[in-house]
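The following exercises are to be worked with the sequence and the structure at hand. Each task is followed by a solution in steps.

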Amino acid sequence: MKKNVLALACLFSCFALTPAEAAWQPQLSIGLIDGQEALTLKLPCKSQVFEGNAKKPALTLPAGSQLSITHGGSHFSVNGKKLKNNGEGLFIKAAPDVKDYVFTLSQKDYRGTAKIMVRHGKLALINVVDTEDYLKGVVPEEMPTDWPAEALKAQAIAARTYALENRKRHEGEGFDLCANNHCQQYLGRKSEKAAADKAIEATVGEVLTYQGQLIDALFHTDSGGMTENSEDVWGSKLPYLRAVEEKEKYTKPWKNTFTAERVASLAGKSSHKDIGDLKRIELSSLKIGQSSKDRTVSGRVKQVVFVGSKGRAAVSGNDLRSLLGLRSTMFDMKMSHKQVTVEGYGWGHGLGLSQWGAKKWAEAGKGYRDILKHYYQHTALKKLY
């Protein structure tokens, strides 16, 4: 077992995969909460508390116990009992005879182990959980579970690949991934649904690779009709994140209206100049799948020029999306009677798998392998464990 663990740890450290299957799945550490003076956990199952990596438990607690934890620098106080803080943290685990273990934080059950750390003088709680159990709390949060099974399988593989590729994203904070949309939404067992569990189990261990390495399997809600090249969102070109057409175009329409004064002010701040009163907006009309000087190959906005009474300001589509809180950069923008109207399509950055697009492809009879091959070009599926 030790040999297998070391081999897989090396595999992940260099992000290179081998076709050989492993019988052991990696664990992920998920940051649940930090900055706490005290923590309270409920333990529905028989539990053991360990001081760091100690082999013997410092406490054994019956099912139904509650833990009140504070710290005093060199020690933790657990239900009034002092336990050593040796810098490795405090671990709350299942007793040896317990299966399907969970602990409860703020009325949410989490599988795996609870790890308590002291960071910047405050308590932090990290959930150390097997990858497949983690996915059970992620996939239903990322995609409706009444969608077609093949779309859910594609989502499960994208989420698994993303999690493993982005391990150590929060290394400086003492864990791998956060539990919100910055990484992937994770709410533990509360989120679990039978349809998602089935999709995860059907694809267990499967990941997406490019030239033998895990890919950054980004996904988004809806492309609007065509996904995007990575360099037009991030500035760096990735061979597997290429613009591809959807089964349907002009999907998920949206509309926002702003005063011309506000738009001129935001454009001025973005370009560090006062453009005065907004007189004109220069942007070609949106045609999905057609590029132009101010639009990408998918039709998303590269740049908008705002012409004011005191000058001009060019603002990128990505910056405008952030400044105005737009759903996407696939939009038209027009001004009339001192009002600026923005009408667009899609929701999200447009890179990788479109969730609504995957649903449409699955409804048309495509399997998850074909769906993933469409959204992540030139990639291969590998069974990692």
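**Exercise 1. A pair of strands**

Task: Determine how many bridges join S2 to strand S5, and in which sense the two strands run. Then establish which residues of S2 lie on its covered face and which on its uncovered face.

Solution. Step 1: Strand S5 comprises residues 65-71. Five bridges join S2 to S5, and the two strands run antiparallel. The model in which this pairing is seen is a predicted one.

Step 2: One register point of the pair is Leu-43, which stands opposite Ser-65 in S5.

Step 3: In a regular strand, side chains alternate between the two faces of the sheet. Strand S2, residues 39-43, has Leu-39, Leu-41 and Leu-43 on its covered face. Its uncovered face carries Thr-40 and Lys-42.

**Exercise 2. A three-stranded sheet and its helices**

Task: State the strand order of the open sheet formed by three strands, explain why one side of S18 and of S20 is left without a neighbour, and identify the helices that lie across S19 and S20.

Solution. Step 1: The order is S18-S19-S20, with antiparallel pairing.

Step 2: Strand S18 (278-282) and strand S20 (312-316) stand at the edges; each has a single partner strand, so one side of each lacks a neighbour in the sheet. Disregarding direction, neighbouring strands of this sheet are turned by 20 degrees against each other on average.

Step 3: S19, residues 303-308, pairs with S20 over five bridges in the antiparallel sense. Within this part of the sheet, Gln-303 stands opposite Ser-316 in S20.

Step 4: Helix H6 (residues 260-271) lies across S18, S19 and S20 and runs at about 80 degrees to S20. Helix H7 (residues 317-324) lies across S19 and S20, at about 90 degrees to S20.

**Exercise 3. Two residues and their surroundings**

Task: For Ala-196, decide whether the residue is buried or exposed; for Arg-169, find the relative accessible area. Locate each residue in the chain and list its contacts.

Solution. Step 1: Ala-196 is found in helix H5, residues 194-202. Its relative accessible area is 0%; the limit for a buried residue is under 20%, so Ala-196 is buried.

Step 2: Leaving aside residues up to four places away in sequence, Ala-196 touches Val-139, Pro-140 and Thr-145. The C-alpha atoms of Ala-196 and Ser-230 are separated by 29 Å, the two residues being 34 residues apart along the chain.

Step 3: Arg-169 is found in the loop between helix H4 (149-165) and strand S13 (177-178). With a relative accessible area of 35%, Arg-169 is partly exposed.

Step 4: With the same sequence neighbours left out, Arg-169 touches Tyr-162, Asp-176, Leu-177, His-182 and Cys-183. The C-alpha atoms of Arg-169 and Trp-356 are separated by 27 Å, with these positions 187 residues apart along the chain counted as their distance apart.

**Exercise 4. The chain as a whole**

Task: How many helices and strands are there in the chain, and what percentage of its residues is buried?

Solution. Step 1: The chain has nine helices and 24 strands. Its C-alpha trace spans about 75 × 45 × 35 Å along the principal axes.

Step 2: Of the 385 residues in the chain, 50% are buried. The chain exposes about 18200 Å², and carbon and sulfur atoms supply 47% of this area.

Step 3: Among contacts with a separation of 6 or more, 66% involve residues 24 or more positions apart.

Technical notes
Residues numbered from 1 in each chain as written. Predicted model: local features only at pLDDT ≥ 70, side-chain atom pairs only at ≥ 80, totals over all residues. Heavy atoms only, no water. Helix = DSSP H or I, 4+ residues; strand = E, 2+ residues; numbered from the N terminus. Buried < 20%, exposed > 50% of the residue type's maximum accessible area, 1.4 Å probe, protein only. Contact = heavy atoms within 4.5 Å. Areas by Shrake-Rupley, 256 points an atom, 1.4 Å probe, with all protein chains shown as cover. Pairing = 2+ DSSP bridges. Axes fitted to C-alpha atoms, helices over the stretch in contact; angles between N-to-C directions.
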